[in-house]
Amino acid sequence: MSTVRKLVKGMEKKYIVNSFLSPLVMIGEVLMEVIIPFVMAKIIDEGISNSDLPYVIKTGLLMVGLACISLTCGVLGTRFSTFAAQGYAYNLRKRLYDKIQSFSFANIDKFSTASLVTRLTTDVNMSQNVFRMAIHMCFRSPIMLIAGTIMAFKINASLALVFLIAIPVIAAGIILISILAYPRFEKMMRRFDDMNGAIQENLIGIRVVKAYVRGDFEESKFKKAAAAVKDAQTRAEKLVIFLMPLLQLVMYLTMLAVMWFGGRQVVGGNMLSGELISFFTYVTQVLSSLMMLGMLFISIVMVQASNHRICEVLDEVPDITAPENPIMEVKDGSVEFESVDFSYNKKADNCVLSGINLKIESGQVVGIIGGTGSSKTTLVSLLPRLYDVFRGCVKVGGQDVRKYDLAVLRDSVAMVLQKNVLFSGSIKENLRWGNPDASDEEIIQACKAADADSFVQSFPDKYETDLGQGGVNVSGGQKQRLCIARALLKKPKILILDDSTSAVDTATEGRIRSALKDIAPETTKIIIAQRISSVKDADVIFVLDEGKLSGAGTHEELLANNKIYREVYDSQQQGSGDADLAGEEGGND
């Protein structure tokens, strides 16, 4: 029951009311269906046997009325259960989505994006269908089973014993199949995760797939994932499919037995023909109800795997939360790292950052340089608490970042990543992610600072141009500049540019750096770059090497005192002409 309470928690009152109305009106349907065979027996044994036409007509009209009431109750019950199930799924998806929004990167990494998508879609759909079936059948089938059994015993107690023998046989089959089915359905959902992961990876990297002509390889990989889902699903559902023939076999054997023994009693004069017909109807109702309860039980067992996966997300505790009495204002953009160690798996023997000590004054322009895998992005991700330190302390505005309200802290830090993300909608709508209340003048000013206004103005619809999903209607360099403009609109205390000008040429990059000095003089700017030309004018440059701080100083100081920095500078100077040319051609503008 704890799982059920967890799943229905937060449902709106109207959906809860419908969840109770559905089984209640289904009781009316059941009662009418139970009375109808009794009335039918009266027509045969009293009306037709005595050739009493008025009695047949009167009782027949009564049957029609009962059938209409049954139909009305059935329609209302289905409507109520469907409406309640839709509300249940809506509430569950909303809670899951809200919970995921509270996750840190570490929480998301734990589940994987593909698995979270599966849980929000396939798992919720399965849970919704079983919820609808449960509230529709939870009263109907048991009441039909009990009422039908009582009426059968009332008509002929000795004959009723025949179909009671079938009940334990069916129950044993249901329990056995349920026990065997659960682990198979759990495995099936894991295969769905794998398949969704393959789809997601392929669609995100579709340009790379086409560029390397790897469509056949990706198709083969997807076929394997889809085949694994098919095999797991077939193996799981084989058991469930086997249940229906088993139940039907028992039901038909019971009917044959009732026909045989009941027919003998009619011939012997111990039972009337109408009673046998109505008894036969009650037997069908009882066994059908038992079958429906069996299928409901199997469905509940099947959905346990999905419910468990849903509850895993709902129960997940975000490892990054705001303190009880958070600081609600970031004073300035100063940054300080005090003996910082960081590990993704929170193990001391696997730190990707070790012993980081550095200090940045508010308003400084800071460069961070280092080889691939030196954890430059990880370092700056600690500022807005996308991850938390393993040891040590990160301070922003003179306070430990763990003391701030998360929204306040993250609103004061703007990050522009190398892998830029734009969303469906117009350019203006995307830019207002940085500031929903930004005026048109502020948007244009930010775009001019990011050297984006010129190409935006060249579009027929200018700032109303639709970008398409993921910004497919603009080039890589244009995406980067729009993302820089979006970050500037945020007016942050700290602006992080993580290799965010890699897709623009050096001339454009120079214009952006120059404009940033003018538009945001009080903002601390942290520039992560591969090109030394991008950071050489910074107030201070930090050199990272394999997760450790190798050196700090100005461009001239590092040239004189830091071997790693000097080697990078010399290698870029030797190929400067080619590098600049590559930058211009690779700008995708």
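**Group meeting talk: a walk through the predicted model**

Let me begin at Asn270, which is found in the loop between α10 and α11, where helices (H or I, at least four residues) and strands (E, at least two) are DSSP runs, numbered from the N terminus. Asn270 counts as exposed, because its relative accessibility is 61%, and here buried means under 20% relative accessible area, exposed over 50%, and partly exposed in between, with a 1.4 Å probe and protein chains only. The C-alpha atoms of Asn270 and Asn156 are separated by 9.5 Å, although these residues are 114 apart along the chain.

Before going on, I should say that this is a predicted model, in which local features need pLDDT of at least 70 and side-chain atom pairs count only at pLDDT 80 or more, while totals for chains, interfaces and linings use all residues. Residues are numbered from 1 along each chain as its sequence is written, and side-chain values use heavy atoms, with hydrogens and water left out.

Staying with α10, we come to Phe261, which has its place in that helix and counts as partly exposed, because its relative accessibility is 42%. Which residues does Phe261 contact, leaving aside its neighbours within four places in sequence? They are Leu159 and Val162, where contact means heavy atoms within 4.5 Å. For Leu159, the C-alpha atom is separated from that of Phe261 by 7.1 Å, with the two positions 102 residues apart along the chain.

Leu159 also leads us to the largest nonpolar core, which has 46 residues, and in which Val34, Leu159, Phe163 and Phe279 touch the most other members. By a nonpolar core I mean a set of buried Ala, Val, Leu, Ile, Met, Phe, Trp, Tyr and Cys residues joined through side-chain atoms within 4.5 Å. At least two residues of this core come from each of α2 (13–48), α5, α6 (140–155), α7 (157–164), α8 (166–204), α10 (215–267) and α11. A second, separate core has 41 residues, including Leu489, Ile527, Ile532 and Tyr565. Going back to Phe163, and not counting residues up to four places away in sequence, we find that Phe163 touches Thr149, Ala152, Thr254, Phe279, Val283 and Val286.

Next, the packing of two helices. Helix α5 (residues 113–137) and helix α11 (residues 273–315) pack at an angle of about 145 degrees, and their axes are 8 Å apart. Those axes are lines fitted to C-alpha atoms, for helices over the stretch in contact, and the angles run from 0 to 180 degrees between N-to-C directions. The residues of this contact divide into 13 nonpolar, 6 polar and 4 charged, where Ala, Val, Leu, Ile, Met, Phe, Trp, Tyr, Cys and Pro count as nonpolar, Asp, Glu, Lys and Arg as charged, and the others, Gly among them, as polar. Among the residues that meet are Leu116, Val124 and Met133 in α5, and Leu296, Ile300 and Val303 in α11.

Further along the chain is helix α17 (residues 476–489), whose 14 residues should span 20 Å at 1.5 Å a residue, and whose end C-alpha atoms are indeed 20 Å apart, so the two values agree; the expected span is 1.5 Å times one less than the number of residues. This helix is mostly covered, since 13 of its 14 residues are buried.

Now, two backbone points. Most residues other than glycine have a negative phi. Lys491, however, has a positive phi near 50 degrees, and is found in the loop between α17 and β7 (494–498), where it counts as exposed, because its relative accessible area is 59%. Ser375 has a positive phi of about 70 degrees although it is not a glycine, and lies in the loop between β3 (365–370) and α12 (376–381). Is Ser375 buried or exposed? Ser375 counts as buried, because its relative accessibility is 12%.

Finally, Val535 lies in the loop between β8 (524–528) and β9 (540–545) and counts as buried, because its relative accessibility is 1%. Leaving aside its neighbours within four places in sequence, Val535 is in contact with Gly367, Ile369, Ile527, Ala529 and Ile541. The C-alpha atoms of Val535 and Ile369 are separated by 8.2 Å, with the residues 166 apart along the chain. By way of contrast, Asn50 and Ala450 are 400 residues apart along the chain, and their C-alpha atoms are separated by 98 Å.
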